[in-house]
Amino acid sequence: MSQHLPGRRRAGLATIAVTAALSLGLSACGAADTGGDSGSGGGGGGDESSAASITFIPKNLGNPYFDASDTGGTAASGEFGGDWSQVGPTEATPDSQVSFINTATQQRTDAIVISANDPTAIGDALQEARDAGTSVVTMDSDTDPEYRDLFVSQADAEGIAATQVDQIAEQIGDSGEVAILSAAANATNQNAWIDLMEQDLEENHPDIELVDTVYGNDDDQTSFDQTAALLQSHPDLKGIISPTTVGIAAAARYLSTSDAKGQVALTGLGTPNQMREYVKDGTVTSFALWNPEELGYLSAFAADALASGEITGEEGDEFTAGDLGDYTVGADGVVVLGDPTVFDESNIDDFDF
Ligand code: RAM
């Protein structure tokens, strides 16, 4: 079931798709076999296909993580015969996505798939879109649930937080000063993980002290500069957790040529393609992520199922996401992709995203 997503190597799939794929070998294959008409054939009346036009609005453009999601969404739309396009702001600020939502609404797109820079700042614009008949799927970073029909979550937030804390604890011998280099200060996803990481550190790692949390705004240069500033203000720093693919790559680049290389541990959430050189040169031991391409692929199928009326986003609703298989909507309209994967020297070459 893995061959259809571009850029993916077989070994990369195993862990991530496990949850979704468990019992559905047959139906997943069935969906793939029937080709383009599985997602939304029942929506529009008659035999006419009504596959959705979907506007994808990432936090910002130019982030390889969202480019991978875009690739997955494009692949999915190709399978169900829909239309997927990516538009978005250059900066990941709280209301920078509003004008793109408004334009999509005016263009009467069937569905918006969006990773929110802020839980409420885009709420009114999304509500207007829904009032005009556009389905709204948040993915990766949610809004308050009242503003969307579904949230396609990359993995369970507790698991994402615990994975990062476990790695830093292991890498610094469970003791010493650590700091967090996050994305934008209002980002719903990062803030949820940071809260959970703080709790985990407090409850389970009494000898680790979180001395600072700084924000690189998912901008490469800002993240790079914030890393330098962290090392300067905390000379005893033993580790950095960066729960953002932009932040961890910029921090790794800084560390790799500094005296802190090998002295200050770095972990968090990164893409294997951006982090490979820093694992190989010894700057980074391990980090984690899910497959952002699969996240885009699943989001596109969810958007199509909503737009066609196949599901409404109620708990218990079921739909098939092409090669990934069957999914059920959980409480609060959340669909979960699967578990994160930890990458290190032993497996990083098995992945290509
Ligand atoms: C960045 C973005 C995204 C987050 C990943 C881990 O690309 O902040 O929202 O999920 O990192």
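1. Let's start with the shell around the ligand in this predicted model. Its residues split into five nonpolar, six polar and three charged. In total, 14 residues surround the ligand, and the closest are Tyr65, Ala183, Thr244, Thr245 and Leu269.

2. Where does the ligand lie relative to domain 1 and domain 2? Domain 1 (12–154 + 291–340) and domain 2 (157–289) each contribute residues to the shell, so the ligand lies between them.

3. Now for the sheet to look at: four strands make up an open sheet, ordered β7-β6-β8-β9, with parallel pairing. The edge positions go to β7 (208–215) and β9; each has a single partner strand, so one side of each has no neighbour in the sheet. On average, neighbouring strands here are turned by 25° against each other, ignoring direction.

4. At the β7 end, strand β6 (residues 176–182) runs parallel to β7, and seven bridges join the two. If you want a spot to click on, leucine 181 sits opposite valine 214 in β7.

5. At the other edge, β8 (residues 237–242) pairs with β9 in the parallel sense, over four bridges. Here isoleucine 241 is the residue facing threonine 267 in β9. To get from β8 to β9, the chain passes through helix α9 (residues 245–256), giving a right-handed β-α-β crossover.

6. One last look at β9 (residues 265–268): which way do its residues point? Ala265 and Thr267 go one way, Leu266 and Gly268 the other, and all of them are buried.

How values were computed: Residues numbered from 1 in each chain as written. Predicted model: local features only at pLDDT ≥ 70, side-chain atom pairs only at ≥ 80, totals over all residues. Buried ≥ 20, exposed ≤ 12 C-beta atoms within 10 Å, placed from the backbone. Pairing = 2+ DSSP bridges. Right-handed = clockwise from strand over helix to strand, strands pointing away. Near = placed C-beta within 6 Å. Nonpolar A, V, L, I, M, F, W, Y, C, P; charged D, E, K, R; others polar. Domains from an automatic or database assignment. Axes fitted to C-alpha atoms, helices over the stretch in contact; angles between N-to-C directions.
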